Amino acid sequence: MAEALIDDPVYVAVHKDVRESRSILTWALRHLQFKKLYLLHVHLPISMNPTSSGLEQSEIDAIQVSELTSTYESLLKYRDICLHEGVTEQDVEIFCDVANSVEEGIVNLIYENNIKKLIIGAAADSRYSEGMVNITSRKAKYVSSHAPHCCKIWLVCNGNLIQTSEGRFDLGGSSHSSSESLASLHDLDSALVPYEEGVRAEPDSVSHALSSPEHQSARGSATMYYEEQRRRLEIEELRRELEQHAKMNREREEALSSSFGVTQMLYSEEVRRRREAEEELNRARAEIRDMKRLQKELEEQLYIDCPRRLDMVEKERDEAIKKAEELLRNLYLENGESSSHSPSSSLQGSVSNEPPQYFFCPISKEIMQNPHVAADGYTYEADEFKNWLTHGGEKSPMTNLKLVNHNLTPNLALRSAINEWLQQHPYLP
């Protein structure tokens, strides 16, 4: 608008709840030209102390910091609205202050920062009506009455401009008292009209009448009377506002005191749950440390015991193989002696020329040269069994069950028996 100086920054007083002040900010963005826009907000801290609340000072500080952080996050939503309306990010700043009274905090900021243009809500949007001219917001009235004369104020409601005003340097007055004072001044001026008309009826005596000491004294008395009445009305209005403000503070403190018991109970419950969670976490960590320590001890013990046990198993295996070899030799000797003294030695001799079936590999069906025992307990030619595994054999060739492992153990006793038999009985396949 042409009436607004572009060089002066614009300050928009906003509520923490974006729904309360969105229409005010939107009006300012669409009707005023500016180089810099400040989102002005006065934060009311929670009134708490360790004595009345039963909390530690650090806990109270944490709650207040959390409230202030939440307020600032809400103010960031106003900045997003500005960006959506085409304002660049560097032209928008958040101006947040902490005070015990919103209206007093705004007035103090006006004086401290020499604010010359301020947009503030005239009333809640729900109270707007067509042709609205009255200001119902207590904060807006207080700011308008206590702001300096150099500060121009736009009062907006539901996206509509209700009034524009300029502040005063003195601390008294309000829109209501000003209207009463203007009415009083109008009454005084009306009372002087007959006198002035009578003077104008006598042209020759006009200059003398207006400049006479009696006339000047009357006008001065009227002016003094008007000023006295205006001051009296302003003082009464200010007293009523202070009483109303004190009453609201008392009601707010009573509401906070009544609700503080519930808040303290919820906070104590949350602290208790966090402590229990931390204790459970510490117990779990201790159990994990104990398990790791036990695992390490077992690994160290296995590292020490395994080689010793492996040596014992190998010795037992070697002894068993030797015993089996001796038993086979004795068996073969006994079979040879019985066949030489038998009446049917020729028939048995022809039969003994055939090698025993356990000399043959189950896979190749040929006499084994390097017999090995597999995981299924059967003996195979080593190369044939490896070839079986290479071509996808996962099951035992004899039992058709899945092999537990692919390990092979040399069958020394059987190999010795085969070699001995081949020496005594040349075999042609």
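Student: Let's start with E270. Is that one buried, exposed or partly exposed?
Tutor: E270 counts as partly exposed, because its relative accessibility is 35%. Keep in mind that this is a predicted model.

Student: Which residue does E270 meet in a salt bridge?
Tutor: That would be R274. The two side chains come to 3.3 Å, N to O. Both residues lie in helix 8, four residues apart, which is about one turn of the helix.

Student: And R274, is that buried or exposed?
Tutor: Exposed, with a relative accessible area of 55%. The cut-off for exposed is over 50%, so R274 makes it.

Student: What pairs up with R273, then?
Tutor: E269 does, again in a salt bridge, at 3.3 Å from N to O. R273 and E269 are both in helix 8 and sit four residues apart, about one turn. E269 is partly exposed, with 29% relative accessible area.

Student: Which residues are linked with those two in a network?
Tutor: R272 and E276 join E269 and R273 in a network of salt bridges.

Student: Why would side chains like that pair up at all?
Tutor: Side chains of opposite charge can pair when their charged atoms come close.

Student: How many salt bridges does the structure hold?
Tutor: Twelve. One of them joins E89 and R79, at 3.9 Å from N to O. R79 is in helix 3 (57–84), while E89 is in the loop between helix 3 and strand 3 (92–98), so this pair ties together parts that are ten residues apart in sequence.

Student: How accessible are those two?
Tutor: Both are partly exposed: E89 has a relative accessible area of 46%, and R79 has 25%.

Student: Back to helix 8. Which residues form a nonpolar patch on the surface?
Tutor: V262, M265 and L266. Together they have about 310 Å² of accessible area. V262 belongs to helix 8, which covers residues 213–340, and V262 counts as partly exposed at 47% relative accessibility.

Student: Okay, new topic. How many residues are in the largest nonpolar core?
Tutor: It has 27 residues. Those with the most contacts inside this core are I106, I110, L118, I120, V143, I153 and L155.

Student: Which helices and strands supply at least two residues each?
Tutor: On the helix side, helix 4 (102–113) and helix 5 (138–146). On the strand side, strand 1 (10–13), strand 2 (37–43), strand 4 (117–121) and strand 5 (152–157). Helix 4 gives the most, with five residues.

Student: What is V143 in contact with?
Tutor: Leaving aside neighbours within four places in sequence, V143 is in contact with E103, I106, V107, I110, L118, I120 and I153. Apart from this core lies another one, of 22 residues, among them V10, V14, A28 and V92.

Student: Why do nonpolar residues gather like that?
Tutor: In soluble globular proteins, nonpolar side chains tend to be buried together.

Student: What about G121, where is that?
Tutor: G121 is in strand 4. G121 is buried, with a relative accessible area of 15%; the cut-off for buried is under 20%.

Student: What does G121 contact?
Tutor: Not counting neighbours within four places in sequence, G121 is in contact with I24, S137, A140 and V156. As for K139, its C-alpha atom is 8.6 Å from that of G121, and the two residues are 18 apart along the chain.

Student: Now the open sheet of three strands. What's its order?
Tutor: The order is 8-7-9, and the pairing is antiparallel. Strand 8 (379–381) and strand 9 (409–410) stand at the edges with a single partner strand each, so one side of each has no neighbour in the sheet.

Student: How many bridges join strand 7 to strand 9?
Tutor: Two. Strand 7 is residues 371–373, and H372 has P410 in strand 9 as its bridge partner.

Student: Last bit, the whole chain. How many helices and strands?
Tutor: Eleven helices and nine strands. The chain has 429 residues, and buried ones make up 30% of them.

Student: How much area does the chain expose?
Tutor: About 28,200 Å², with carbon and sulfur atoms supplying 53% of it. As for contacts, among those between residues at least 6 apart in sequence, 65% join residues at least 24 apart.

Note on methods
Residues are numbered from 1 along each chain as its sequence is written. This is a predicted model: local features need pLDDT of at least 70, side-chain atom pairs count only at pLDDT 80 or more; totals for chains, interfaces and linings use all residues. Side-chain values use heavy atoms; hydrogens and water are left out. A nonpolar core is a set of buried Ala, Val, Leu, Ile, Met, Phe, Trp, Tyr and Cys residues joined through side-chain atoms within 4.5 Å. Buried means under 20% relative accessible area, exposed over 50%, partly exposed in between (1.4 Å probe, protein chains only). Contact means heavy atoms within 4.5 Å. Patches are made of residues with over 30% relative accessible area and no salt bridge: like charges are joined within 9 Å, nonpolar side chains (Val, Leu, Ile, Met, Phe, Trp, Tyr) within 5 Å. Accessible areas come from the Shrake-Rupley method with a 1.4 Å probe; for residues, only the protein chains shown count as cover. A salt bridge is a side-chain nitrogen of Lys or Arg within 4 Å of a carboxyl oxygen of Asp or Glu. Two strands pair if DSSP finds at least two bridges between them.
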